[in-house]
Amino acid sequence: MFKRENLPAEASIFAVFVGIAVLFEVLGWLFIGKSFLGNVQRLEIIILQVSIFGIIAVGVTQVIITSGIDLSGGAVLALSAMVAASFAQSVDAFAPIFPQFLGLPIIIPIAVGLAVGAACGWVNGSITAYTGIPPFIATLGMLVTARAVAVIYTEGQPVYSLSDSFTVIGSGAWPVLVFFVVAVVFHLVLKHTVYGKHTYAIGSNEKAARVAGINVRRHKIMVYTIAGSLSGLAGVVMCARATIAQSGMGTMYELDAISAVVIGGTSLFGGRGRISGTVIGVCILGVITSGFTFLRIDFYYQEIVKGMIIVGAVMLDQRRQAKQRSRS
Amino acid sequence: MNNQDDIILRTDNLTKRYGGVHALEEANFTLKKGEHVAIVGDNGAGKSTFVRQITGVEQPTSGDIFFEGKRVEFNSPLEAREAGIESVFQDLALCNDLDVPSNLFLGREELLFKFGPFSILDEKKMMRKAKEVLERTAIKIPNLSNHVGDMSGGQRQCVAISRSASFASKLIIMDEPTAALGVQETTQVENIIRSLKDQGVPLILISHNLRQVFNLVDKIWVFRRGRIVGEVIASETDGNEIVSMITGMQGGVHEKASYI
């Protein structure tokens, strides 16, 4: 449905991605005499690194398409990880959180992590839909609150000794697989289901959506709840990968996720955007981070470049919008 | 007195007050099945207030609305719509980022597979039906997969009207449907209105353009200062009489008026 209109935009994002990768390849040969892309291990690390915030970005894409925003991704990740991990400790754990719940089947910590994320998202959505408080403020509140609850939950202690069966889902290519499946599923859901169509409709013209009989409030709550669940899932995968959960996990991941979404061509004005664009956006951020490390450039310079790219992407979006407004 | 069975919409003493302002006073209105009527009046005459009461946008202070012989109370535009009253609003109410079929079927999508909110859309069927609907209205939209935001004002208005017309609704209300359109686009919209007449779909048209009103409708209701001051058969009156009723002044003085 959206193919014709968005294909060029997406192709250009992909071209930017390829361009950045090639640029690092050239700079690599020029300055340190090594190949950037030739190192398979590096590519593996890039994709593993981006998978976690990529899962959050899939949820954030949907929120932004409704012309909302979700700033709570990283904090919800941390809280979900802490709670999930407390149900995933092995039988021989030292000083476990719940001595009565050791060695549980892995479905329980996974379900608990998803439920915590969903609950946070539900709160975000309900506040946004029912009180008229802008989602920026509602989710900012959640960012602060969820992070604090994550600390209070174990009085600041990390949760470790996670069972081997649980940590499997963070090992090897599992995080990438989870990200891939989540991205494909929601790409199809947005494109081909009533949920997707109404998500775009609400972002495009909320009043029209309401007049057309869409229950806008209920739909928004659903979108935020899904985004929260995906942050929860990212938390589960991340603590399984690290084999430990800490309240400081995923700090700033919400910004990486939002950046990936915006770079991927989703409009902050709502109504436009696709998961496939977000996936490319996620990869662009991954390549930049990895490329700078490869060139041994300081972390803070990375942040400067990332910041400039995000602002540039939003400026492009604004110009697109202005063009459309002048046409209609 | 009309035969009750012929009447699709009736209001009895419909009144709306905003605080001390009497926006609508005891409006007694009837619309027969298949009838096309216009509501005319000066700014502030109560036309839009009247429409807002019968489309559920607002709730009347007093008085009753009967639709298809039954007393109704619409608490929202959605309830009116579910009862079969479709409105085309001045601001169109289209989603600019969606294509034509998505807009036509918004909120009542055709489904391939039912699964709550995650039901799969039958995009081919919606595209096919959208083509049929727009062919009936003789509107040329080259590519239905384009976003409606990329279309001209006339094309968008036609999409909005087709949406109302295509759902076999029992009554269509149009508030100034051609106010923002060019000459050709206005003609297209008027053709759609005529085709609705042929299909027997009743219509209430609000328009300032008296020439258009005379061209399109059977009967004209004149509102002045919140009251209905006249109900005339279009073929039995002329512009001067209508203008006199709108302004409340006697005929003659409007000979050179440019209303018509």
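In this predicted model, the contact between the two chains involves 24 residues of chain B and 26 residues of chain A. On the side of chain B that touches chain A, helix α2 (77–83) and strand β8 each supply at least two residues. The largest share of that side comes from α2(B), which provides 3 residues.

Chain A, one partner in this contact, contains 13 helices and 0 strands. Its pattern along the sequence is accordingly written α-α-α-α-α-α-α-α-α-α-α-α-α. The overall dimensions can be judged against a simple expectation: for 328 residues, a compact globule would have a radius of gyration near 20 Å, and the 20 Å found for chain A agrees with this. Taken along the principal axes, the C-alpha atoms of chain A fill a box of roughly 65 × 60 × 30 Å. Of the 328 residues in chain A, 50% are buried. Among the contacts in chain A with a separation of 6 or more, 79% are between residues 24 or more positions apart.

Chain B is built from both kinds of element, with 8 helices and 12 strands. Its radius of gyration is 19 Å, and the globule rule gives 18 Å for 260 residues; the two values are close, so chain B is as compact as a globular protein of that length. The C-alpha trace of chain B spans about 60 × 40 × 35 Å along its principal axes. Buried residues account for 43% of the 260 residues of chain B. Of the contacts in chain B with a separation of 6 or more, 65% join residues 24 or more positions apart.

Part of the strand content of chain B is an open sheet of 4 strands, arranged in the order β2-β1-β4-β5 with antiparallel pairing. The edges of this sheet are β2 (21–32) and β5 (70–72) of chain B, each of which pairs on one side only. From one strand to the next, the twist averages 25°. In general, the strands of a sheet pair through backbone hydrogen bonds, in either a parallel or an antiparallel manner. Within this sheet, strand β1 (residues 7–18) of chain B runs antiparallel to β2(B) and is joined to it by 8 bridges. One point of reference is B:I7, whose bridge partner in β2(B) is B:K32.

Among the helices of chain B, α4 (residues 123–136) can be followed in detail. At 1.5 Å a residue, its 14 residues should span 20 Å, and the end C-alpha atoms of α4(B) are indeed 20 Å apart. The buried residues of α4(B) are B:E123, B:M126, B:M127, B:A130 and B:L134. They cover an arc of only 100° around the axis, which places them on the same side of α4(B). A general feature of the α-helix helps in reading such a list: with 3.6 residues a turn, residues three or four places apart point the same way. The face of α4(B) turned away from the buried side carries the exposed residues B:K124, B:E132 and B:E135. The cover over the buried residues of α4(B) includes α3 (100–104), β8 (120–121) and α5 (153–166) of chain B. Strand β8 of chain B therefore appears in two settings, as it helps to cover the buried residues of α4(B) and also supplies at least two residues of the side of chain B that touches chain A.

Definitions and conventions:
Residues numbered from 1 in each chain as written. Chains lettered and ligands numbered in written order. Predicted model: local features only at pLDDT ≥ 70, side-chain atom pairs only at ≥ 80, totals over all residues. Rg over C-alpha atoms; globule rule 2.2 N^0.38 Å. Buried ≥ 20, exposed ≤ 12 C-beta atoms within 10 Å, placed from the backbone. Contact = placed C-beta atoms within 7 Å. Expected span 1.5 Å × (residues − 1). Arc of directions from axis to C-beta. Pairing = 2+ DSSP bridges. Axes fitted to C-alpha atoms, helices over the stretch in contact; angles between N-to-C directions.
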